[in-house]
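Q: Got a minute to walk through this fold with me? I have the sequence and the structure open.
A: Sure, put it up and ask away.

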Amino acid sequence: ETTANKIAAGEVVERPASVVKELVENSIDAQSHFIEVEIVDGGINYIRVSDDGIGMCAADARLAILRHATSKIRTADDLYNIQSLGFRGEALPSIAAVSRFTLTTRLHSEPIGTYIEIQGGQVTDMREAGRNVGTTVTVSDLFFNTPARRKFLKTPATESAYIHDILGKIALARPDIAIKLINNKRQVLATTGTGRLLDAAASLYGYKAAAELLPLDYSDGDIHITGYVGKPHLVKSSRQWQTWTVNGRTISSRMLSKALDNAYHSLLPKNGFPLAIIQIVIPSDKVDVNVHPQKSEVKFSDEQAVFRAVYKAVLSALQAAKG
Ligand code: ADP
Ligand code: MG
């Protein structure tokens, strides 16, 4: 079992940023309004994710650390209509297999919470504990028992940049949740959770940049594109300012990046990568989110149709701005 978890961990837990992503997605699935992430040394030595979500009762907390113990898929039909971000029941046991892990949680209807401590996959403590309603997970000494993996990590500065990037993207996907990142005791990211995408963009990129965003609003049949693209001078030398969501999930896709690039370059000379926050809503039976263990890639049943819709959405926003 521990070996299986270590192997599964290789798929789910590549680096501190993947731990943060899995934990924050769990917090989102638990209907949190406020999620705080604290990291030390790029998350290599310490990660804490605290939320104000629904929490778990003692029995569910015990289940949660077992493999394939998802609470999110009850029937085979659920697999075809996945609303939650997680659905494999692999993240917590995988992370706990390769770190020193603690889980403190309290369900809203329970007077007391539960504390579980796991080191390298072995449960070392389990007891009642006080806590506000919600869940806190801490992950220390990531990969302490898999040195080959630990060696593969980059510097703390690079690892924290990955975490900052992924949390920023999640914050844009969910402007209704207040998300905070504390890096080596310093707050480096904080959104307000107003529900307005523009507010989240302002928190991340500053009010000046947010004032220069062009709204997207385009539909083609049952494909709907909303979000913002930056005015043409708002560019970066990489794609770090580009965020995509499909049905509320952050994803990345070469095909979509190409649609965005093509729309810009049909009007403007190539001069970097524009700011873009592009949100695609499409019927769930026309998109497969299950193609990648880290769930960051998707497959559309009609790739061309989505490409065209993004291209046209961006083009018309740029044309409208030109007047
Ligand atoms: P999955 O998200 O695929 O279901 P995980 O291993 O990430 O699997 O989590 C296992 C289970 O633990 C979840 O299905 C959920 O019931 C519970 N859980 C995990 N994190 C939280 C959280 N922050 N708040 C409430 N429940 C949680
Ligand atoms: Mg999960």
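Q: Which strands does helix 6 lie across?
A: This is a predicted model, just so we're clear. In it, helix 6 (residues 156-173) lies across strand 1, strand 7 (178-183) and strand 8. Its direction runs at about 170° to strand 7.

Q: And what is the strand order in the sheet that has those strands?
A: The order is 5-4-3-6-2-1-7-8, an open sheet of 8 strands with mixed pairing. Strand 5 (122-129) and strand 8 (186-190) are the edges, each pairing on one side only. From one strand to the next, the twist averages 10°.

Q: Which other helix packs on that sheet, and what does it touch?
A: Helix 2 (residues 16-29) packs there, touching strand 1 (34-40), strand 2 and strand 6. The direction of helix 2 makes about 10° with that of strand 2.

Q: How do strand 2 and strand 6 run, parallel or antiparallel?
A: Antiparallel, with 6 bridges joining strand 2 (residues 46-51) to strand 6 (residues 134-140). If you want a spot to click on, Tyr 46 stands opposite Ser 140 in strand 6.

Q: Back to the helices. How do the axes of helix 2 and helix 6 sit relative to each other?
A: They come within 8 Å and cross at roughly 25°. That angle makes helix 2 roughly parallel to helix 6. The crossing is right-handed.

Q: Which residues make that contact?
A: On helix 2 you have Pro 16, Ala 17, Val 20, Lys 21, Val 24 and Ile 28. Helix 6 brings Glu 159, Tyr 162, Ile 163, Ile 166, Leu 167 and Ile 170.

Q: How many of those are nonpolar, polar or charged?
A: The contact of helix 2 with helix 6 has 10 nonpolar residues, no polar ones and 2 charged.

Q: Why do contact residues on a helix tend to come three or four places apart?
A: An α-helix has 3.6 residues a turn, so residues three or four places apart point the same way.

Q: OK, changing topic. What is the strand order in the 5-strand sheet?
A: That open sheet goes 9-10-15-12-13, and the pairing is mixed. Strand 9 and strand 13 are the edges, each pairing on one side only. The twist averages 20° from one strand to the next.

Q: How buried is strand 12?
A: 5 of the 5 residues of strand 12 are buried, so the strand is largely enclosed by the rest of the structure. Both faces are covered: Gln 242, Trp 244 and Val 246 are buried on one side, and Thr 243 and Thr 245 on the other.

Q: Why do the residues split between two sides like that?
A: In a regular strand the side chains alternate between the two faces of the sheet, which is why you get that kind of split.

Q: How many bridges join strand 12 to strand 15, and which way do they run?
A: There are 5 bridges, and the two strands run parallel. Thr 243 stands opposite Ile 277 in strand 15.

Q: What about strand 12 and strand 13?
A: Those two pair in the antiparallel sense over 3 bridges, with strand 13 covering residues 249-251. The bridge partner of Trp 244 in strand 13 is Ile 251. In their hairpin, which has 2 residues between the strands, Asn 247 takes a positive phi near 50°.

Q: And strand 10 with strand 15, which way do they run?
A: Antiparallel, joined by 6 bridges. Val 229 stands opposite Ala 276 in strand 15.

Q: Which strands does helix 7 lie across?
A: Helix 7 lies across strand 9, strand 10, strand 12 and strand 15, running at about 145° to strand 15. Helix 9 (residues 254-267) packs on the sheet as well, touching strand 10, strand 12, strand 13 and strand 15. The direction of helix 9 makes about 125° with that of strand 12.

Q: Which residues of helix 7 are buried?
A: Leu 197, Ala 200, Ala 201, Ala 202 and Tyr 205. What covers them includes helix 6, helix 8 (207-210) and strand 9 (213-220), among others. Just after helix 7, Gly 206 takes a positive phi of about 95°.

Q: Last one: how many helices and strands does the protein chain have?
A: The count comes to 10 helices and 17 strands. Of its 323 residues, 50% count as buried.

Conventions
Residues are numbered from 1 along each chain as its sequence is written. Chains are lettered from A and ligands numbered from 1 in the order in which they are written. This is a predicted model: local features need pLDDT of at least 70, side-chain atom pairs count only at pLDDT 80 or more; totals for chains, interfaces and linings use all residues. Side-chain values use heavy atoms; hydrogens and water are left out. Two strands pair if DSSP finds at least two bridges between them. Helices (H or I, at least four residues) and strands (E, at least two) are DSSP runs, numbered from the N terminus. Axes are lines fitted to C-alpha atoms, for helices over the stretch in contact, and angles run from 0 to 180 degrees between N-to-C directions. Contact means heavy atoms within 4.5 Å. Buried means under 20% relative accessible area, exposed over 50%, partly exposed in between (1.4 Å probe, protein chains only). Angles under 35 degrees count as roughly parallel, over 145 as roughly antiparallel, 65 to 115 as roughly perpendicular and the rest as oblique. A crossing is left-handed if the near helix is turned anticlockwise from the far one by less than a right angle, and right-handed if clockwise. Ala, Val, Leu, Ile, Met, Phe, Trp, Tyr, Cys and Pro count as nonpolar, Asp, Glu, Lys and Arg as charged, and the others, Gly among them, as polar.
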